[in-house]
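Welcome! Please take a moment to turn the model around on your screen before reading on.

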Amino acid sequence: MLTNIGVPGLILIVILALIIFGPNKLPQIGKAAGQSLKEFKSSTSDLTQDVTDEAKEVTSIIKEEK
């Protein structure tokens, strides 16, 4: 989806964002978006780690029963 935007599309999006939010609010919005993305990645990583740990535990239990 984002691969079809191209450079002119990105420039248009930046110009529209500057018009709508203004140059003072744009850094705050970018910072908030970055923090949200960082927290999402962290939560996803934690969830993946939990699932991996549970799978390893189940595998070890199955091996012990055999």
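Where in H1 does a kink of about 100° lie? It lies at Gly22, shortly before the proline Pro23. Keep in mind that you are looking at a predicted model.

**The overall picture**

The protein has 1 helix and 0 strands. That helix, H1, covers residues 6-65. If a helix of 60 residues were straight, its span would be 88 Å at 1.5 Å a residue, yet the end C-alpha atoms of H1 are only 57 Å apart. With the kink at Gly22 in mind, you can follow the chain on either side of this residue in the view.

What radius of gyration does the protein have, and what would a compact globule of 66 residues have? The protein has 22 Å, whereas the globule would be near 11 Å. Along the principal axes, the C-alpha atoms fill a box of roughly 65 × 25 × 10 Å.

Two pairs of residues give you distances to check on the screen. Here they are, side by side.

| Pair | Apart along the chain | C-alpha separation |
|---|---|---|
| Ala17 and Leu37 | 20 residues | 19 Å |
| Leu16 and Leu47 | 31 residues | 36 Å |

**Inside and outside**

Now for the surface. About 6100 Å² of the protein is exposed, and carbon and sulfur atoms supply 66% of this area. Buried residues make up 5% of the 66 residues. In H1, the buried residues are Gly9, Ala17 and Gly22, so Gly22 is both a buried residue and the place of the kink, if one reads buried as under 20% relative accessible area.

Is Ala17 buried or exposed? Ala17, a residue of helix H1, counts as buried because its relative accessibility is 18%, which is under the 20% cut-off. Leu16 also has its place in H1, but this residue is partly exposed, as its relative accessible area is 42%. Val7, again in helix H1, has a relative accessible area of 57% and is therefore exposed, since the cut-off for that is over 50%.

Val7 and Leu16 meet again in a nonpolar surface patch of about 890 Å². The other residues that make this patch are Ile11, Leu12, Ile15, Ile19, Ile20, Phe21 and Ile29. Try colouring these residues in your viewer, together with Gly22, where the kink of H1 lies.

Note on methods. Residues are numbered from 1 along each chain as its sequence is written. This is a predicted model: local features need pLDDT of at least 70, side-chain atom pairs count only at pLDDT 80 or more; totals for chains, interfaces and linings use all residues. Side-chain values use heavy atoms; hydrogens and water are left out. Helices (H or I, at least four residues) and strands (E, at least two) are DSSP runs, numbered from the N terminus. The expected span of a helix is 1.5 Å times one less than its number of residues. The bend at a residue is the angle between axes fitted to the seven residues ending there and the seven starting there. Buried means under 20% relative accessible area, exposed over 50%, partly exposed in between (1.4 Å probe, protein chains only). Patches are made of residues with over 30% relative accessible area and no salt bridge: like charges are joined within 9 Å, nonpolar side chains (Val, Leu, Ile, Met, Phe, Trp, Tyr) within 5 Å. Accessible areas come from the Shrake-Rupley method with a 1.4 Å probe; for residues, only the protein chains shown count as cover. A salt bridge is a side-chain nitrogen of Lys or Arg within 4 Å of a carboxyl oxygen of Asp or Glu. The radius of gyration is taken over C-alpha atoms; the globule rule is 2.2 Å times the number of residues to the power 0.38.
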